[in-house]
Each structure stands twice: as C-alpha cells, then as structure tokens.
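Me: Please take me through the salt bridges and charged surface of the model shown below.

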Amino acid sequence: TFAYLYLYSIPRSNKAMEAYNKVELNAMGNDSIAAEQYKKVADEYGSTKGGRLAALSAAESLYETGKYADAAKYLKAFDSDDEIVNANAMILLGDCYVNTNKLDDAISAFKDAVSDSKGNVQIAPRALLKLAVVYDAQKKYGEALKCYEQIKNDYPEFAFGNGLSVDSYIEREKARL
C-alpha cells in the first residue's frame with residue numbers, strides 16, 4: 001500500500017489538480033471550450049479530487065450551453081465531502097432533469113438536495129421551491145403544498161424573487177386541491 005500511495009495515487013492526484021487548475025486559468029469565459037477541457041480532465045482523473053471538481057465544472061459549463069443530458073452525466077459522477085456543494089450539485093442535476101422532461105428524476109434530485117443541505121437556509125428552501133414547481137407540473141398539488149408549507153415553517157426568512165409571499169403559493173395550492 002505504501003508503494004501504491006506514493007508511486008501512483010498521490011502523483012495521479014497531483015496531476016489531476018494541475019490539469020484542473022490549467023483549465024480554470026485557460027478556459028474562463030467560454031463555456032463550450034471549458035466544457036470540453038473539463039470533460040477530458042474528469043474522464044482521465046475521475047476518482048481524484050481534481051477529476052471530481054472537473055466533473056462538476058464540466059456539468060456547469062454543459063448546462064450553460066444547453067447540453068442538459070451531458071451535464072447530468074457529469075453531475076452523477078461528481079461527489080464531494082462538502083454537503084453544501086453536493087446539495088448545489090443535486091439542484092443542478094434536478095434542473096438538468098427538468099430540462100430533459102425527466103420529472104421523476106428531478107424530484108429525486110431535489111429531495112436529495114434538501115437532505116444534503118442539512119437545513120441550510122439558502123439551499124434547502126430553494127430546492128423545496130424547485131420541488132414544488134415540479135409537483136405542480138405533474139398536477140400533484142398536495143405534494144407542492146407540503147413543500148410550500150415546509151418553506152413557511154422551516155425557512156420563514158426565505159424570500160421569493162418575484163415579491164410574492166409563500167402564503168400566496170400556499171393559497172394557490174389549496175385552491176387547486
């Protein structure tokens with residue numbers, strides 16, 4: 001194990017971070033080029049920290065260029081010890097699924113984001129809101145209502161970007177039921 005660690009694993013991890021950082025420096029501002037370069041790093045060094053970061057960055061760049069199915073592939077390969085980063089990656093994965101009309105998969109991703117966020121006041125209500133929107137699209141108004149009520153009860157300071165209150169969404173769902 002000593003030889004494996006020092007002759008293979010550590011040098012490979014170092015090369016992965018060097019490759020990732022090189023893309024970070026060279027591909028700024030061009031999502032198409034960045035996506036291709038991040039994909040190469042992610043594919044070559046997938047199990048390393050640099051490879052996983054490249055997978056996330058590739059997914060973000062692919063999403064920005066409208067390649068949602070490809071972005072989802074790289075998001076599924078991403079994993080981090082940081083629960084907040086994982087939660088944000090799950091939100092992006094859910095968005096990919098929404099854009100490819102895989103609503104049940106989106107629900108699963110948004111639920112994972114809520115769970116991974118561990119009650120983070122920025123991330124959890126955002127994931128719940130996205131979850132409610134998907135439930136609305138599926139005409140599952142009771143499920144959407146539960147999401148809005150959870151936002152109201154657990155995250156009362158969360159502000160909706162459109163100026164409406166969570167109460168207006170709750171009333172809408174009750175009327176639909």
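**Salt bridges and burial**

Reply: E36 is partly exposed, its relative accessible area being 37%, where buried means under 20%, exposed over 50% and partly exposed in between (1.4 Å probe, protein chains only). This is a predicted model, in which local features need pLDDT of at least 70, side-chain atom pairs count only at pLDDT 80 or more, and totals for chains, interfaces and linings use all residues. Residues are numbered from 1 along each chain as its sequence is written, and side-chain values use heavy atoms, with hydrogens and water left out.

Me: Which residue forms a salt bridge with E36?
Reply: A salt bridge is a side-chain nitrogen of Lys or Arg within 4 Å of a carboxyl oxygen of Asp or Glu. The partner lies three residues from E36 in helix α2, about one helical turn away, and the closest N and O atoms are 3.3 Å apart. With a relative accessible area of 17%, this partner is buried; the residue is K39.

Me: How far apart are the closest N and O atoms of K130 and D95?
Reply: K130 lies in helix α7 (residues 123–137) and D95 in helix α5, so their salt bridge ties together parts 35 residues apart in sequence. K130 is partly exposed at 24% relative accessibility, whereas D95 is buried at 14%. The closest N and O atoms are separated by 3.0 Å.

Me: Is D136 buried or exposed?
Reply: D136 forms a salt bridge with R172, with the closest N and O atoms 2.8 Å apart. R172 is partly exposed, with a relative accessible area of 30%. For D136 the relative accessible area is 14%, so D136 is buried.

Terms used. Helices (H or I, at least four residues) and strands (E, at least two) are DSSP runs, numbered from the N terminus.
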